[in-house]
Amino acid sequence: MTALTAWLDGIGLLGPGLADWPTAARVLSGTQPWVHAPTVLPAPQALPAAERRRTGAVVKLALAAGLEAVAHAGADAATLAAVFSSSGGDGQNCDEICRTLASSERQLSPTRFHNSVHNAAAGYWGIATGATAACNALCAYDASFGAGLLEALTQVVTERSAVLLVAYDARYPEPLYGARPIPDGFGIALVLAPAPGARPLARLDVRLSEAPADTLTDAALEKLRGAIPAARSLPLLAQLARRAPGRVMIDYLDPWRIAVEVDACP
Amino acid sequence: MTPLALASYTATSALGRGLEPTLAALQAQRSGLAPCAFETVRLAMCVGEVPGVDAAPLPAALAAFECRNNRLALLALGQDGFAAAVARSAARHGAARIGVFVGTSTSGILETEQAFRRLDPVSGALPPDFRYRGAHNTFSLGAFVQRALGLRGPAVVISSACSSSAKVFASAQRAIAAGLIEAAVVGGVDSLCLTTLYGFHSLQLVSTGPCRPFDVARDGISIGEGAAFALLERPAAAAGEDSVLLLGTGESSDAYHMSSPPPDGRGAAAAMRQALAAAGLGAADIDYINLHGTATPSNDAAEAIAVGAVLGAAVPASSTKGATGHALGAAGALEAVICALALRHGFMPGGVNTAAVDAALPVSYLLGNRDARLRRVMSNSFGFGGSNCSLVLARAGAHA
């Protein structure tokens with residue numbers, strides 16, 4: 001296959017001990033040690049108060065990462081197409097619905113129900129930013145970041161317009177945590193464009209590969225990469241943090257990995 | 001966009017298993033809706049249940065995916081020679097060059113709902129037979145379809161509520177156009193579960209009787225279930241004139257509310273306009289519209305305004321949800337296949353259950369079937385979160 005090419009204009013990141021992309025860039029380039037701390041979820045100020053009260057962890061994660069990337073890119077959120085990809089959606093909400101349905105009452109809250117859709121974060125993103133372009137909501141289990149990257153790049157290449165990619169995962173409460181032990185919230189957002197903007201961060205050339213995925217040299221960060229599907233993006237982020245050209249292999253759907261050629265911009 | 005062929009397609013719903021009973025039910029204007037007797041649910045509503053889904057377990061090789069949703073998927077994949085057509089395409093292009101793009105809203109959540117009734121009384125843990133990856137997870141359907149068909153290319157589940165399996169056509173055509181894959185299995189599968197039955201009931205969006213789209217007295221949806229698939233490929237030179245093409249897709253977001261559309265239908269209109277533009281067509285080129293037509297008062301009103309604004313009030317239109325129920329994440333693919341049947345067999349399906357069309361809605365709503373050599377049709381799918389998708393499909397002979 002020929003490579004899918006896009007220009008990276010902005011990055012947003014939120015994870016354990018990683019408050020934002022500048023912090024993560026210092027950690028991933030080795031200039032600052034990673035200090036593990038629970039992911040801090042900011043209140044989604046962009047939402048009207050009535051909507052803000054209704055949002056759970058996944059929506060807060062996705063909005064925070066998305067807004068940081070859009071601001072970093074100097075882009076207008078209202079005009080961007082968007083791809084949201086998550087391995088599991090809102091686990092807390094799912095747990096409460098299942099408990100209610102297992103009870104004798106079965107009285108679901110309407111808000112819980114409409115928040116149960118996998119595209120809840122995508123829907124709240126539109127309400128928060130006024131974005132009316134195409135917006136997708138994907139899942140590919142552990143390959144959800146890679147699937148989102150491919151969807152975003154095929155949109156950039158065929159529609160010739162900029163796309164915001166947001167990949168995010170949050171912790172399930174017990175008992176679902178026992179079946180799917182994602183340890184904490186992690187959200188990554190990239191603004192990808194078909195041509196270089198005013199200050200692009202890098203050019204990305206993406207293709208499928210069967211070579212093994214890159215791992216991280218820091219054992220704690222490597223553990224994070226393996227534990228949270230959205231954190232499978234960390235080798236790409238580490239390359240970007242080093243501001244150097246190079247090729248990284250991202251986990252995707254067996255037998256495939258995604259090879260990303262990073263041509264960093266000065 | 002460059003047109004793609006629906007090289008093979010199939011649908012299973014409350015109307016029957018496969019194309020033949022689906023076509024017969026549409027031609028007889030028969031509804032598959034019946035009072036809800038699903039599982040332990042005792043709510044005053046009608047549902048479109050597929051009979052016999054739970055009659056047989058999945059084959060041993062697929063046992064890791066055991067759940068009602070995947071049983072329904074396998075039932076549908078076995079109809080109309082669909083799996084064999086995919087196998088021929090895989091032999092031609094390579095199994096790694098065929099993508100899987102499928103939509104579902106609730107995947108195997110029914111089995112999770114049931115497992116929560118069996119939590120360990122001491123530890124609170126889920127029972128040992130609980131399957132997160134193979135059943136609960138939203139991607140379960142994508143992994144299952146890929147495995148069942150022996151494919152090894154990119155695979156993804158789109159889960160944008162009721163637009164899910166319309167949007168798969170858009171993503172798949174982009175992946176083909178970008179050179180990521182040569183062909184794609186697209187489709188949607190959603191099955192009855194307590195979350196949607198009690199959830200829509202909590203929103204007071206469900207009719208107690210069979211749903212009546214666009215009726216002046218419409219009072220809510222009837223939930224259905226279904227599975228529909230299509231094989232998207234570049235058109236073969238030798239394709240017959242009755243073969244069906246995907247000409248255009250359009251996607252938009254309402255940016256308005258999680259569970260209701262803006263009353264002026266502007267998001268729906270934007271998706272319809274984009275689908276026309278992608279197809280290189282004007283309003284006069286559309287012969288029939290398969291409406292989203294859920295039968296809630298506000299959804300149908302907003303869609304009617306959008307249709308009036310984009311295509312005008314004269315294009316014959318109907319919702320087939322009175323026949324199938326609202327198959328949610330499977331609705332887009334199910335209704336795309338119904339459009340393919342309409343194109344191939346030369347008829348427009350009239351909307352069933354509807355008695356008196358709401359005269360306030362600017363739409364030429366069909367109550368009876370009408371024979372017509374259709375050239376091009378539009379299918380609308382709109383979902384929670386303000387996610388809109390419109391498709392334009394055509395008969396190859398009319399498009400040449």
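Which helix gives the most to the lining of the largest pocket? That one is settled in the first close-up below; like every view here, it comes from a predicted model.

**View 1. The largest pocket, with a volume of about 520 Å³.** The answer to the opening question is α6(B), which puts four residues into the lining. In chain B, α5 (132–136) and α6 (140–149) each supply at least two lining residues. In total 22 residues line this pocket, and those nearest its centre come from two chains: A:L253 and A:D254, plus B:R133, B:F139 and B:A143. Sorted by class, the lining has 11 nonpolar residues, seven charged and four polar.

**View 2. The largest cavity, at about 420 Å³.** Here 30 residues form the lining, and A:S116, A:V117, A:H118, B:S105 and B:T106 sit closest to the centre. The helices that each bring at least two residues are α4 (91–102) and α5 (110–115) of chain A, along with α5 and α8 (194–202) of chain B. Top contributor is α4(A), with four residues. As for chemistry, the lining of the largest cavity holds 16 polar residues, 13 nonpolar and one charged. Searching the whole structure turns up five cavities of 30 Å³ or more.

**View 3. B:T112 and its contacts.** Look for B:T112 in helix α4 (residues 109–115) of chain B. Is B:T112 buried or exposed? It counts as buried, because its relative accessibility is 0%. Leaving aside residues up to four places away in sequence, B:T112 touches A:C98 and A:L176 from chain A, and B:F130 and B:H136 from chain B. The pairing with B:H136 spans 24 residues of sequence, yet the two C-alpha atoms are 6.4 Å apart.

**View 4. Helix α10 of chain B, residues 297–310.** How far apart are the end C-alpha atoms of this helix? They are 21 Å apart, which agrees with the 20 Å that 14 residues should span at 1.5 Å a residue. The buried residues of α10(B) are B:D300, B:A302, B:E303, B:A304, B:A306, B:V307 and B:V310. Their cover includes three elements of chain B, namely α9 (266–279), β11 (288–290) and β16 (376–383). After the helix comes B:G312, with a positive phi near 85 degrees.

**View 5. Helix α7 of chain B, residues 164–177.** This helix has 14 residues, which should span 20 Å at 1.5 Å each, and its end C-alpha atoms are indeed 20 Å apart. Most of α7(B) is covered, with 13 of its 14 residues buried. Just past the helix, B:G179 has a positive phi of about 85 degrees.

**View 6. Two cysteines without a disulfide partner.** Why is B:C67 not bonded to another cysteine? The closest cysteine sulfur, in B:C193, is 11 Å from that of B:C67, so the gap is too far for a bond; the cut-off used for a disulfide is 2.5 Å. B:C67 is also buried, at 2% relative accessibility. Over all chains, the count of disulfides is zero. A:C135 is likewise in no disulfide, and its nearest cysteine sulfur belongs to B:C389, 13 Å away. A:C135 counts as buried, with a relative accessible area of 11%.

Methods. Residues are numbered from 1 along each chain as its sequence is written. Chains are lettered from A and ligands numbered from 1 in the order in which they are written. This is a predicted model: local features need pLDDT of at least 70, side-chain atom pairs count only at pLDDT 80 or more; totals for chains, interfaces and linings use all residues. Side-chain values use heavy atoms; hydrogens and water are left out. Buried means under 20% relative accessible area, exposed over 50%, partly exposed in between (1.4 Å probe, protein chains only). The expected span of a helix is 1.5 Å times one less than its number of residues. Contact means heavy atoms within 4.5 Å. On a 1 Å grid over the protein atoms alone, a cavity is a set of points where a 1.4 Å probe fits but cannot get out, and a pocket is an open set with protein on both sides within 12 Å along at least five of seven lines; lining residues have an atom within 4 Å of a point. Grid points are joined across faces, edges and corners, and a volume is the space filled by probe spheres set on the points. Ala, Val, Leu, Ile, Met, Phe, Trp, Tyr, Cys and Pro count as nonpolar, Asp, Glu, Lys and Arg as charged, and the others, Gly among them, as polar.
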